[in-house]
Amino acid sequence: MEVVQTARMLLSRVTADDLEAVHELHSDPRTSVYNPAGPSPDLESSRAMLDLWLADWAERGLGYWAARPLTSPDLIGVGGLRHAVVDGAEVLNLYYRFHPMSWGHGYAVELVRAALRVGGPLGTVVAVIRDVNTRSLRVAERAGMRRDRAIPYGGVPSYVYVALPARRT
């Protein structure tokens with residue numbers, strides 16, 4: 001789904017016009033503390049990353065969204081699903097990153113829940129999270145995911161979280 005509306009956000013397919021906002025988000029050292037590669041060093045690095053995301057949408061019809069509050073056109077984060085191989089398995093890898101100004105307001109949990117609704121019928125949804133990233137671990141758990149296993153990922157200890165199956169009533 002290219003556009004998803006949650007209670008407080010519009011999640012829409014990233015576009016080339018999002019480059020400056022994506023770079024601002026990914027070049028901020030506060031948002032990259034747990035990224036083994038560190039912050040995005042320059043606009044060209046961010047462009048290469050965004051180009052991969054755009055290719056996901058073009059080739060697979062699934063990818064990362066730009067997250068904007070319903071009340072503003074400003075990008076406050078990015079996230080969603082992309083096809084990936086994690087620990088030898090083909091999965092839908094869940095990703096989310098928000099501007100520090102929007103931390104602590106539940107936006108990440110809201111985006112993750114939307115991604116789980118979209119991705120659940122399409123395959124196994126996982127989130128690979130650094131073992132020391134307690135905020136992100138809590139987001140995954142609050143959104144209804146559970147820790148499955150520990151793996152080295154990108155050269156650092158990480159946990160694989162998986163979506164819990166929907167309850168039948």
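Is aspartate 28 buried or exposed? At 12% relative accessibility, aspartate 28 counts as buried. I begin with that residue as an entry to the charged pairs of this structure, which is a predicted model.

Let me take the salt bridges in turn. The count comes to nine. In one of them, the side chain of aspartate 28 meets that of arginine 30, at 2.7 Å from N to O. The two partners differ in their surroundings: aspartate 28 is buried, whereas arginine 30 is exposed, with a relative accessible area of 51%.

A second bridge lies within helix 2. Arginine 47 and glutamate 44 meet there through their side chains, with 3.3 Å between N and O. These residues are three apart in helix 2 and are therefore separated by about one helical turn. Both partners are on partly open ground: arginine 47 is partly exposed at 32% relative accessibility, and glutamate 44 is partly exposed at 48%.

A third bridge reaches out of that helix. The side chains of aspartate 56 and arginine 82 meet at 2.4 Å, N to O. Because aspartate 56 lies in helix 2 and arginine 82 in strand 4, the pair ties together parts that are 26 residues apart in sequence. Aspartate 56 is buried, with a relative accessible area of 9%, while arginine 82 is partly exposed at 23%.

Salt bridges that share partners also join Asp87, Arg146, Asp148 and Arg149 into one network. Aspartate 87 deserves a further remark. Its place is the loop between strand 4 (77–86) and strand 5 (89–98), and at 49% relative accessibility aspartate 87 counts as partly exposed. What is the phi of aspartate 87? The value is near 55°, which is positive in a residue other than glycine. For context, most residues other than glycine have a negative phi.

I turn now to the aromatic residues. A search of the whole structure finds four aromatic pairs. In one of them, the ring centres of tryptophan 53 and tyrosine 64 are 5.0 Å apart and the planes stand at 75°, so the pair is edge-to-face. Tryptophan 53 belongs to helix 2 (residues 43–60) and tyrosine 64 to strand 3 (residues 64–69), so this contact ties together parts 11 residues apart in sequence. Both tryptophan 53 and tyrosine 64 are buried. Another pair is formed by phenylalanine 98 and tyrosine 107: with centres 6.4 Å apart and planes at 15°, the rings are stacked, so the geometry contrasts with edge-to-face packing. Phenylalanine 98 and tyrosine 107 are likewise buried. Trp53, Tyr64 and Tyr95 form one aromatic cluster.

Finally, the surface. Arg113, Arg117, Arg135, Arg138 and Arg142 gather there in a patch of positive charge. Helix 3 (107–119) and helix 4 (134–142) are the elements that give two or more residues to this patch. Which element gives the most? Helix 4 does, with three residues. Arginine 142 is found in helix 4 and is exposed, with a relative accessible area of 53%. Threonine 134 is also found in helix 4, and at 43% relative accessibility threonine 134 counts as partly exposed.

The surface carries a nonpolar patch as well, formed by Val3, Leu10 and Leu70, which together have about 240 Å² of accessible area. Leucine 70 sits in the loop between strand 3 and strand 4 and is partly exposed, at 42% relative accessibility.

Key. Residues numbered from 1 in each chain as written. Predicted model: local features only at pLDDT ≥ 70, side-chain atom pairs only at ≥ 80, totals over all residues. Heavy atoms only, no water. Patch = residues over 30% accessible without salt bridge, like charges linked within 9 Å, V, L, I, M, F, W, Y side chains within 5 Å. Areas by Shrake-Rupley, 256 points an atom, 1.4 Å probe, with all protein chains shown as cover. Salt bridge = Lys/Arg side-chain N within 4 Å of Asp/Glu carboxyl O. Lys, Arg positive; Asp, Glu negative; His and termini not counted. Charge placed at Lys NZ, Arg CZ, Asp CG, Glu CD. Helix = DSSP H or I, 4+ residues; strand = E, 2+ residues; numbered from the N terminus. Buried < 20%, exposed > 50% of the residue type's maximum accessible area, 1.4 Å probe, protein only. Phe/Tyr/Trp six-rings, centres within 6.5 Å; stacked < 30°, edge-to-face > 60°.
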